[in-house]
Amino acid sequence: MDGCSLNLSVSALACAIAKGKSNNELTLLSVFFNQLGDALETIQAGNEIYCNQDDNANIT
């Protein structure tokens with residue numbers, strides 16, 4: 001999937017989720033998904049750091 005297709009898919013999903021929601025509900029959903037994304041990014045960074053340390057330890 002290219003970047004434009006991904007962007008369109010995410011936008012369509014956001015519109016579908018937002019339909020019928022109040023502004024307060026949208027705010028809560030927004031912060032929820034932002035926090036989810038941040039948590040996933042933290043996990044990814046930790047995995048990269050610890051996997052690289054293990055790889056470097058095996059090289060020496």
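Helix H1 (3-18) and helix H2 (23-59) each give at least two residues to a nonpolar patch, where helices are DSSP runs of H or I with at least four residues, numbered from the N terminus. Before we go on, a word on the source: this is a predicted model, in which local features need pLDDT of at least 70, side-chain atom pairs count only at pLDDT 80 or more, and totals for chains, interfaces and linings use all residues. Residues are numbered from 1 along each chain as its sequence is written, and side-chain values use heavy atoms, with hydrogens and water left out.

Now to the patch itself. On the surface, Leu13, Ile17, Phe32, Phe33, Leu36, Leu40 and Ile43 together offer about 670 Å² of accessible area, computed by the Shrake-Rupley method with a 1.4 Å probe. Membership takes over 30% relative accessible area and no salt bridge, with nonpolar side chains joined within 5 Å; a salt bridge is a side-chain nitrogen of Lys or Arg within 4 Å of a carboxyl oxygen of Asp or Glu. H2 brings the largest share, 5 residues, and Ile43 lies in that helix.

The structure also holds 1 aromatic pair (ring centres within 6.5 Å). The rings of Phe32 and Phe33 have centres 5.1 Å apart and planes at 85°, so they meet edge-to-face (over 60 degrees). Phe33 is partly exposed, because its relative accessibility is 43%, between the limits of 20% for buried and 50% for exposed.

Stepping back, the protein has 2 helices and 0 strands. Of its 60 residues, 2% are buried. The protein exposes about 5,300 Å², with 61% of that supplied by carbon and sulfur atoms.

Definitions and conventions:
Patches are made of residues with over 30% relative accessible area and no salt bridge: like charges are joined within 9 Å, nonpolar side chains (Val, Leu, Ile, Met, Phe, Trp, Tyr) within 5 Å. Rings of Phe, Tyr and Trp (its six-membered ring) pair if their centres lie within 6.5 Å; planes under 30 degrees apart count as stacked, over 60 as edge-to-face and the rest as tilted. Buried means under 20% relative accessible area, exposed over 50%, partly exposed in between (1.4 Å probe, protein chains only).
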